[in-house]
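Thanks for coming, everyone. Please take a look at the structure on the screen, and I will walk you through some of its parts.

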Amino acid sequence: MRRLRTLTGALLLAVPLALAVFGPLLAGEAGDRTFPFSGDGPLGTDFVGRDVGQQVLLGGRSVVVVAVCATLLAYLVGVPVGLLAAATRRRWVDELLMRPLDLMLAVPSLLLLILLAATAPPGPLTLVGIVALIGLPEIARITRAAALPLAHGTAMEAMRLYRETWWRRGPGYIGTGIRRILLADAGVRFIGAIYLVATASFLGIGVAPDAADWAVMVDRNRTGLFLQPWAVAVPAALIICLAVGLNLVTDRMLVTPAVPSPAPPPVPATTGDRPHAQNALLQVRELTALAVDRTLVDGVSFSLPAGEILAVIGASGSGKTTTARALLGEVAPGVTLTGSITLAGQPVTTVSPPRPGTVGYVPQQPGTALNPVRRIGAVLHEIARHQTPEDSRSAHRSAVTATLEHVSLPTDRRFLRRFPHQLSGGQQQRLVIAHALLAHAVLLIADEPTTGQDAITRNAVARELTKLARDGIAVILLSHDLHLVRAVADRILVLHRGAAVESGPAAEVLAVPQHRHTQQLLATPPAGPPAVVGEDRPLLRVTGLSAAHRDGGRHRDVLRDVSVSVPAGQCLAVVGRSGSGKTTLARCIAGLHPARTGQVILAEHRLAAQLDQRQPHELGAVQYVFQDARASFNPYRPVLDQIAGPARRLRDATPDQARHTALHLLERVGLAEHTVIQRPDRLSGGELHRAALARALASEPRVLICDETTAGLDSVTRHGILTLLDELRRTLGLTVVMISHDRDVVAHLADHIAVLDDGTVVDSGPADALLNHAHHPLTRALLHIDPATAAAPSNP
């Protein structure tokens with residue numbers, strides 16, 4: 001059907017374009033005029049007695065050429081202006097570019113056309129300029145709106161950090177990201193340009209009012225519509241063909257084909273089902289997901305009754321997220337699903353997904369599930385109203401307040417007026433959980449819900465998941481957090497390379513794992529190596545650092561007079577509750593966030609506060625591994641090319657040397673070449689975490705800042721990365737600043753620990769002392785051995 005629509009659009013578009021190009025060659029000499037709206041000739045005559053057929057052949061070139069030229073000119077000027085306004089980090093530049101365009105938008109286009117017609121000399125070039133000028137402000141604003149999240153997102157920050165070329169950042173990344181929006185806009189804008197050309201002709205600009213022009217013919221001949229309908233119908237049909245054909249063709253460019261899963265075949269009853277399968281809320285039978293080059297899920301079967309929690313565990317890339325998406329009736333492009341899924345007695349496929357509100361989903365990357373242009377309070381209240389439309393506003397507010405308190409988020413008006421990008425990663429995760437709780441779903445799928453969460457918040461999540469199960473909601477937990485799994489799971493399903501290798505009651509699987517892969521996942525991580533003995537003089541020093549975030553028209557202090565230091569070859573772990581300023585501190589050190597006061601000193605050399613003011617060797621010396629690994633990659637380029645980029649631009653390596661370095665690092669972090677030659681959307685979250693680490697190491701840094709680098713990874717992969725970091729510290733003298741909520745990671749890697757709370761350092765010291773003999777109540781709560789039983793410190 002899609003191919004038929006595209007072919008139809010191409011044919012509809014070809015007819016008017018062919019007439020516009022070749023029509024004047026076929027028209028011949030103009031004949032004598034006869035009576036207006038007569039039947040002379042195949043199509044009759046127009047309002048001045050000219051042959052309509054000849055006018056149709058002559059009338060396409062002017063309208064099409066002028067409209068095409070005007071539309072192209074508007075985009076050639078408007079798109080760069082919009083991109084510049086979006087990409088600039090200086091607010092006055094944005095104001096200077098956009099405010100004059102806003103004034104133009106405030107003037108109606110017809111009035112603007114009349115004003116320009118009164119002052120400009122007539123002619124086709126003038127007409128092109130006027131039509132382009134009228135469309136330019138809207139194009140610039142659409143471009144700016146579409147480019148803003150890309151120009152200031154994590155992927156752009158990564159490209160700036162690795163000194164990516166302007167061509168890759170602008171046309172390569174932002175241009176590719178907004179092309180669909182511009183294509184959708186171009187079809188409508190081109191038709192609007194055609195009618196502006198027709199309107200302008202009556203004002204004495206461009207073509208004359210009685211010229212051969214399709215748009216003019218429609219307007220001037222409408223008085224004789226019932227006398228000679230062809231004089232209106234034919235040029236109108238050609239304009240409609242132009243509009244419909246152009247939009248059908250552009251629609252084909254906008255749509256990425258997806259492979260729907262077939263309807264589920266009937267599942268015969270078997271005696272091998274578990275005793276509770278007959279009463280199960282969710283039943284999955286022989287679920288298989290096939291990509292072009294590999295099997296993502298291989299014959300997975302399980303059932304889940306209401307009120308139970310099923311924990312699905314496995315290494316990164318084992319098929320957990322693909323299985324979860326299949327339960328939502330979703331599938332990645334190019335993936336085919338087979339098997340059957342039944343939820344509450346209803347089959348689930350990509351053609352018939354679950355009813356809205358039936359399934360709540362907490363994604364691994366919370367930012368992708370939040371609307372970037374809506375305030376979080378408005379979205380929460382909308383969800384509450386949708387669930388209980390008969391309740392009053394006060395009841396909705398109470399429901400929102402209670403839900404936010406459940407997930408340990410503020411409930412004040414100032415917080416509810418924030419946008420998602422103004423929240424920390426942990427706060428975004430808890431906000432998505434709040435969305436699911438407000439929706440009152442019968443099934444909740446939590447994909448790594450405690451990734452990037454502190455121990456206190458993870459305890460709250462564990463309590464809430466348990467409470468949901470007691471209330472009769474079935475919960476599927478996809479997690480590498482074994483503390484959380486032990487605390488809440490009723491049953492465990494272990495996936496390995498897409499297949500289910502073990503399943504059973506949680507107590508049995510955790511106590512006596514049968515499969516070798518399960519034993520590896522559940523193995524107790526070895527103790528960390530002895531502390532590295534380095535120089536007394538610190539390699540990295542942060543002194544008196546203060547930073548703020550913009551909150552509307554005001555600045556909100558995030559860091560206050562923070563001072564930390566770390567010697568060469570050692571690791572400083574920065575811990576604290578979500579939103580305490582840990583990531584902001586790491587970003588200030590890397591130059592991604594400007595500090596208001598204070599200094600960042602590397603080997604007695606003061607680093608510039610702004611990233612763009614640092615030299616390439618300074619950028620290569622301090623590298624940053626982003627918390628949201630998927631968002632930090634350009635989705636339109638292969639992962640391997642992005643990993644090799646820092647070696648080329650920051651170490652002046654040749655392309656062959658950079659590729660060899662990238663492949664060597666990828667091998668060390670456990671990624672094969674056939675995996676990374678693909679685009680980021682084909683890799684799992686865990687694979688992208690490892691790829692991000694390899695990319696940061698490609699420039700041979702002296703200081704590596706890891707923002708939740710091991711979050712969302714299985715224990716085997718996590719141990720491999722920590723071992724790799726230990727090895728790099730010893731062989732290269734690499735200094736590590738680790739932002740983490742995972743006590744096991746801190747215990748394994750850290751030599752020193754700094755505890756942040758509300759933007760200030762409230763505790764610091766050697767790792768062994770703070771892990772085992774901490775006196776501060778927050779430190780004890782955060783670094784408790786079992787996050788599932790950690791308690792929030794009482795207020796002093």
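**A walk through the model**

Glu-448 is buried, with a relative accessible area of 2%. Buried here means under 20%, so that residue qualifies. Where is Glu-448? Glu-448 sits in the loop between β7 (443-447) and α15 (455-470). Keep in mind that this is a predicted model.

Now the backbone at that spot. The phi of Glu-448 is near 55 degrees, a positive value in a residue other than glycine. Most residues other than glycine have a negative phi. Glu-286 also has a positive phi, of about 50 degrees, and is not a glycine. Glu-286 belongs to strand β1 (residues 282-290).

Let's step back to the whole protein. How many helices and strands are there? The protein has 28 helices and 20 strands. There are 796 residues, and buried ones make up 51% of them. The protein exposes about 35,300 Å². Carbon and sulfur atoms supply 58% of that area. Next, contacts between residues at least 6 apart in sequence. Of these, 72% join residues at least 24 apart.

Now the inside. The largest nonpolar core has 75 residues. Which members touch the most others? Those are Leu-585, Leu-693, Leu-704 and Ile-705. Helix α24 (residues 685-697) gives the most to this core, with seven residues.

Take Leu-704 as an example. Leaving out residues up to four places away in sequence, its contacts include Gln-623, Val-625, Leu-693, Leu-725 and Val-737. Another core, of 45 residues, lies apart from the one with Leu-704. Among its members are Val-379, Ala-446, Ala-489 and Ala-506.

Val-379 takes us to helix α11. Val-379 is one of the buried residues of α11. The others on that list are Ile-376, Gly-377, Leu-380, His-381, Ile-383 and Ala-384. Here is a quick check you can do yourselves. Helix α11 (residues 376-387) has twelve residues, and at 1.5 Å a residue they should span 16 Å. Why 16 Å? The expected span is 1.5 Å times one less than the number of residues. In the model, the end C-alpha atoms are 17 Å apart, which agrees.

What touches α11 from elsewhere? One partner is His-435. His-435 is in helix α14 (residues 425-439). Setting aside residues up to four places away in sequence, His-435 touches Leu-370, Val-379, Leu-380 and Ile-383. Is His-435 buried or exposed? His-435 counts as buried, at 15% relative accessibility.

On to charges. Side chains of opposite charge can pair when their charged atoms come close. The count comes to 21 salt bridges. I'll show you three pairs and one network.

Pair one is Glu-164 with Arg-637, at 3.1 Å from N to O. The pair links distant parts of the chain, 473 residues apart. Glu-164 is in the loop between α6 (154-161) and α7 (166-201). Arg-637 is in the loop between β16 (622-625) and α21 (639-651). Glu-164 is buried, with a relative accessible area of 6%. Arg-637 is buried too, at 8%.

Pair two is Arg-659 with Glu-673, with the closest N and O atoms 2.9 Å apart. Arg-659 lies in helix α22 (residues 655-668) and Glu-673 in helix α23 (residues 673-676), so the pair ties together parts 14 residues apart in sequence. Arg-659 is partly exposed, with a relative accessible area of 36%. Glu-673 is also partly exposed, at 40%.

Pair three is Arg-668 with Glu-727, where the closest N and O atoms are 2.6 Å apart. This pair links distant parts of the chain: Arg-668 in helix α22 and Glu-727 in helix α25 (residues 715-732), 59 residues apart. Both are partly exposed: Arg-668 at 30% and Glu-727 at 38%.

Then the network. Glu-95, Arg-99, Asp-102 and Arg-141 are linked through salt bridges.

Last stop, the surface. Which residues form a nonpolar patch there? They are Val-68, Leu-72, Leu-73, Leu-76 and Val-77. Together they have about 410 Å² of accessible area. Leu-72 is found in helix α2 (residues 52-87). Leu-72 is exposed, with a relative accessible area of 51%. An α-helix has 3.6 residues a turn, so residues three or four places apart point the same way. Look for that along the patch on the screen.

Conventions: Residues numbered from 1 in each chain as written. Predicted model: local features only at pLDDT ≥ 70, side-chain atom pairs only at ≥ 80, totals over all residues. Heavy atoms only, no water. Patch = residues over 30% accessible without salt bridge, like charges linked within 9 Å, V, L, I, M, F, W, Y side chains within 5 Å. Areas by Shrake-Rupley, 256 points an atom, 1.4 Å probe, with all protein chains shown as cover. Salt bridge = Lys/Arg side-chain N within 4 Å of Asp/Glu carboxyl O. Helix = DSSP H or I, 4+ residues; strand = E, 2+ residues; numbered from the N terminus. Buried < 20%, exposed > 50% of the residue type's maximum accessible area, 1.4 Å probe, protein only. Core = buried A, V, L, I, M, F, W, Y, C linked by side-chain atoms within 4.5 Å. Contact = heavy atoms within 4.5 Å.
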